[in-house]
Amino acid sequence: MQRQDMHLWKIEPVADPTDPRWLDHSRWDEVIVEAESSGTAVATAARDLGPGGRHVGNESSPERSGFEDVKLYRVTRIGNGERIPSASAPRIVRAVRNGVAVDPGSVD
């Protein structure tokens, strides 16, 4: 199966850090994803870095990642539309939380 060319996508928070929507979600400063589309970038970030939500007592865990909430994050394509030939699946290139770059493979 041949993969489509990829783009780099930047996912960054748009909601104020005090916004109550963050209560159920981890807040990432920046996530860069190599993917075919913005939707695939969000799905990749949600799968690899989310939901990671916190809950107290008998509250249920969040069913969706914060990356899927357009009031928490925005997604923009990096560059001038240049495509990156790729034979691999979509992947996280860079993830920053609390000002520190995090290895996406080590996120619990």
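I take contact to mean heavy atoms within 4.5 Å. The model I am reading is predicted.

**Helix 1**

I looked up helix 1 (38-49). Helix 1 has 12 residues. From first C-alpha to last, helix 1 reaches 16 Å, close to the 16 Å expected at 1.5 Å a residue. I then asked which of its residues are buried. They are Ala-41, Val-42, Thr-44, Ala-45, Ala-46 and Leu-49. What covers these buried residues of helix 1? I found that the cover includes strand 1, strand 2, strand 3 (73-78) and strand 4.

**Nonpolar core**

Next I went to the largest nonpolar core, which has 17 residues. Ile-11, Val-31, Val-33 and Phe-67 touch the most other members. Two or more residues each come from strand 1 (7-13), strand 2 (30-35), helix 1 and strand 4 (91-97). Helix 1 gives the largest share, four residues.

I followed Phe-67 further, leaving out residues up to four places away in sequence. Phe-67 touches Val-42, Ala-45, Ala-46 and Leu-49, among others. I had noted these four as buried in helix 1. The other contacts of Phe-67 are Ile-11, Trp-28, Val-31 and Tyr-73.

**Asp-69**

Last, I checked Asp-69, in the loop between helix 1 and strand 3. Asp-69 is buried yet has no salt bridge. Which side chain of opposite charge is nearest? It is Arg-21, 4.3 Å away. A salt bridge needs a side-chain nitrogen within 4 Å of a carboxyl oxygen, so Arg-21 at 4.3 Å does not make one with Asp-69. I also logged that Asp-69 touches Arg-21 and Arg-64, not counting residues up to four places away in sequence.

Note on methods. Residues numbered from 1 in each chain as written. Predicted model: local features only at pLDDT ≥ 70, side-chain atom pairs only at ≥ 80, totals over all residues. Heavy atoms only, no water. Core = buried A, V, L, I, M, F, W, Y, C linked by side-chain atoms within 4.5 Å. Buried < 20%, exposed > 50% of the residue type's maximum accessible area, 1.4 Å probe, protein only. Expected span 1.5 Å × (residues − 1). Lys, Arg positive; Asp, Glu negative; His and termini not counted.
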